[in-house]
Amino acid sequence: MAKVKSQQDIAKMREAGRLAALTLKHVEPLIRPGTSTEAINKAVHDFIVSHGAVPTPLNYRGFPKSVCTSINEVICHGIPSEDCLLKEGDIINVDVTATLNEWIGDTSKTYVVGSGTSEERQLVMDVAFESLARALAVVKHNARMGDIGAAIQTYAEAKGCGVVRDFIGHGLGKVFHEPELAVPHYGEANTGMKLVRGMTFTIEPMINGGSWRHRVLRDGWTAVTTDGKPSAQFEHTLAIVGDGIEVLTALPDDPIMLRAKELGGTILWPILE
Ligand code: MF3
Ligand code: CO
Ligand code: CO
């Protein structure tokens, strides 16, 4: 059985989610040619710590840094490094997770470095963005888990993209990855676990330009596409509430939220000053 959170629990997750979202926003100005991924790591780390929170990835199952930075053909879990400098036309996913007063918020976005990128890279970004919006639009009390995967897979494959199978969304709360609640980004509508109010989980589709397959580099973390094609990802943490969802990691002007609403989703999100 998946854990169900109380309104008080969700209020605490809202604070953690807000901090994760603000952290992403805080490092956005660093996304430009010449920045090292270690500089992003340091900025994420310092911002989270200065707000009395903990960067959840640091030492999680031995992960050595405070944020994941995944560039071009890296699907996820890229490790920040002093030697890795952003270049014009790269695409980079920055995945921020923060633990605040024991509760966790997890969110990521993919950015273009500089003034533009290739058609192939732009396509995976656009498809990952739209995939998350479509998924958010179908989540509500009494929907089923397969509705999420179907919304993503149907759309992304029609665009000629691959949907990563081996990394999925997850329940979270006080635990980073709740084993009881798996959120595949592929599947069939009207199948799988019933979704109910009080569930809190991430949706974080990883969309590849070619095959969905991945391999992990010898550092034990960095997951890359097997065909070298680019990969992109967007992630939000949500709670099922009322007739729809509250997106706990969305800032008021988040274009994914506007798109999810346009698609018919019942989306609330915290009013942030
Ligand atoms: N933030 C990732 C997720 O969305 C997990 C990163 S685990 C780490 O689930 F150890 F690599 F940080
Ligand atoms: Co996650
Ligand atoms: Co994440």
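Visitor: Before we look at Lys3, what do buried, exposed and partly exposed mean here?

Guide: Buried means under 20% relative accessible area, exposed means over 50%, and partly exposed is in between, using a 1.4 Å probe and protein chains only. Lys3, at 36% relative accessibility, is partly exposed. Keep in mind that this is a predicted model, where local features need pLDDT of at least 70, side-chain atom pairs count only at pLDDT 80 or more, and totals for chains, interfaces and linings use all residues. Residues are numbered from 1 along each chain as its sequence is written, chains are lettered from A and ligands numbered from 1 in the order in which they are written, and side-chain values use heavy atoms, leaving out hydrogens and water.

Visitor: How many salt bridges are there in the whole structure?

Guide: Here's the general idea: side chains of opposite charge can pair when their charged atoms come close. The cut-off for a salt bridge is a side-chain nitrogen of Lys or Arg within 4 Å of a carboxyl oxygen of Asp or Glu. Searching the whole structure turns up 14 of them.

Visitor: Which residue does Lys3 form a salt bridge with?

Guide: That's Glu180, with 3.8 Å between the closest N and O atoms. Glu180 sits in strand β8 (residues 178–183) and Lys3 in the segment before α1 (7–27), so their pairing ties together parts 177 residues apart in sequence. Helices (H or I, at least four residues) and strands (E, at least two) are DSSP runs, numbered from the N terminus. Glu180 is partly exposed, at 32%. There's also a network of salt bridges that links Lys3, Lys5, Glu178 and Glu180.

Visitor: And where are Lys174 and Glu102?

Guide: Their side chains meet in a salt bridge too, at 3.6 Å from N to O. Lys174 is in the loop between β7 (169–171) and β8, while Glu102 is in the loop between β4 (91–100) and β5 (103–112), so this pair links distant parts of the chain, 72 residues apart. Lys174 is partly exposed at 46%, whereas Glu102 is exposed at 54%.

Visitor: What separates Glu130 and Arg134 in helix α3?

Guide: About one helical turn, because the two are four residues apart in that helix (residues 119–138). They form a salt bridge, with their closest N and O atoms 2.8 Å apart. Glu130 is buried at 8%, but Arg134 is partly exposed at 30%.

Visitor: Is Gln7 buried or exposed?

Guide: Exposed, with a relative accessible area of 71%. You'll find Gln7 in helix α1. Its C-alpha atom is 26 Å from that of Ile168, a residue 161 positions away along the chain.
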